[in-house]
Amino acid sequence: MTLPALGWQGLVVLATFGISLLIATYCTYAERVIAAFLQDRVGPDRAGPFGLLQPLADAVKLFTKEEFFPAGANRALFVFGPCLAMITALMSSAVIPFGNFLQFGDTIIHLQGIEINVGMLYVFGIVSLGVYGIMIGGWASNNKFSLLGAIRAASQNISYELAMGLALIAVLMMSGTLSLREITLQQSVAGEWHFWNIAKQPLGFLIFIVCAFAETNRTPFDLPECETELIGGYHTEYSSMKMGLYLFAEYINVFVASAVMSVLYFGGFNFPFQYEMRDWLVSSRGLELVTAQNIITILGLVGLFGKIFAFIFFFMWVRWTLPRFRYDQLMRLGWTILIPLAIFNILLTGGLITFGIIK
């Protein structure tokens with residue numbers, strides 16, 4: 001790879017982190033708007049037109065609030081906990097292919113921060129590290145309620161990562177690769193948009209999205225921050241921007257989970273009739289093949305973000321619709337329902353592949 005190409009990929013990495021932060025920022029606004037809509041009330045409408053400057057007002061509030069350190073807290077770990085949660089959330093977005101590639105002369109820019117052949121394994125590894133941010137924050141607070149919330153988060157993540165990993169195995173059995181780019185490109189069969197993995201793995205997708213709710217600590221799986229039992233959960237003692245980092249990390253995790261589900265099951269940056277549209281642009285509109293491919297890449301990028309935003313809306317819709325599970329219900333669902341279902345899905349997928357029904 002030449003130096004200019006490395007420079008372009010560096011800009012793609014920075015853009016990925018910037019977009020992740022921007023989406024997480026405005027997820028706080030979208031959460032309020034969707035909650036207001038579902039509850040038939042007025043949402044944010046004071047800060048700027050339609051309340052669009054509300055995230056900026058929140059940032060000013062968080063940065064200017066008093067810094068608080070509980071008595072007996074481990075100060076170094078108390079600060080390190082939210083930082084680790086934020087860093088791991090951002091790092092997991094680096095391997096997601098947001099688009100195919102753009103070509104300008106001899107320069108080819110892949111719309112993916114880092115392409116590695118174990119991309120899905122990388123995502124799982126980084127996401128697994130994120131629970132340490134919660135555990136460290138809960139323990140360092142020197143608060144029993146915070147510690148209970150952190151323990152809940154750890155047990156919840158362990159339980160649901162098993163089912164999520166087993167659901168992913170079925171996709172890997174069909175694709176034969178851990179590369180997110182390769183998995184996406186395998187769902188781009190010309191003229192056959194129904195080759196998206198959702199058509200082959202509906203049960204696996206259902207298991208994966210339920211586990212995604214648990215992994216991101218979203219309602220109805222928000223037991224680590226259950227205010228009715230634990231005051232505020234693992235971040236009870238946090239204030240100012242340290243509290244903001246935990247909140248931002250949750251929204252970035254929602255964004256990453258939505259992107260991963262879009263890539264694994266809904267074709268990623270592929271969309272119906274993309275190759276027919278590219279050929280039409282070349283034959284009927286007289287465009288060069290490179291220009292037509294760039295247009296298709298940009299449309300695919302827009303389409304992927306449309307899928308991601310649909311999943312983010314679904315996350316928020318569920319939050320303001322369903323009640324929280326009890327802790328025993330949470331554990332029972334993970335260990336006695338989702339894990340056996342995921343194992344059954346692996347056996348079913350293996351049988352279908354053996355008899356040539358799916359490939």
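Q: How much space lies in the largest pocket?
A: About 600 Å³. A pocket here is an open set of points on a 1 Å grid over the protein atoms alone, where a 1.4 Å probe fits, with protein on both sides within 12 Å along at least five of seven lines. The volume is the space filled by probe spheres set on the points, which are joined across faces, edges and corners.

Q: Which residues are closest to its centre?
A: Thr28, Glu31, Leu247, Tyr251 and Arg319, out of 26 that line the largest pocket. Lining residues have an atom within 4 Å of a point.

Q: Is this model predicted, and what is counted?
A: This is a predicted model: local features need pLDDT of at least 70, side-chain atom pairs count only at pLDDT 80 or more, and totals for chains, interfaces and linings use all residues. Residues are numbered from 1 along each chain as its sequence is written, and side-chain values use heavy atoms, with hydrogens and water left out.

Q: Back to the largest pocket. Which elements give two or more residues to its lining?
A: Helix H1 (3-38), helix H2 (54-64) and helix H9 (240-265). Helices are DSSP runs of H or I, at least four residues, numbered from the N terminus.

Q: What is the lining like by class?
A: Nine nonpolar, five polar and twelve charged residues. Asp, Glu, Lys and Arg count as charged; Ala, Val, Leu, Ile, Met, Phe, Trp, Tyr, Cys and Pro as nonpolar; the others, Gly among them, as polar.

Q: And what volume has the second largest pocket?
A: About 200 Å³. Its lining has ten nonpolar, two polar and no charged residues.

Q: Which element gives the most to that lining?
A: H1, with five residues. Helix H11 (289-319) also supplies at least two. Among the lining residues are Leu11, Phe98 and Phe305.

Q: New topic. Is Lys242 buried or exposed?
A: Lys242 is at 7% relative accessibility, so it counts as buried. Buried means under 20% relative accessible area (1.4 Å probe, protein chains only). Lys242 sits in helix H9.

Q: What is Lys242 in contact with?
A: Leaving aside neighbours within four places in sequence, Glu67, Phe68, Phe69, Phe78, Val79 and Pro82. Contact means heavy atoms within 4.5 Å.

Q: Where is Gly119?
A: In helix H4 (residues 119-140). Gly119 counts as buried because its relative accessibility is 2%.

Q: How far is Gly119 from Gly267 in space?
A: 16 Å, C-alpha to C-alpha, and 148 residues apart in sequence.

Methods: Buried < 20%, exposed > 50% of the residue type's maximum accessible area, 1.4 Å probe, protein only.
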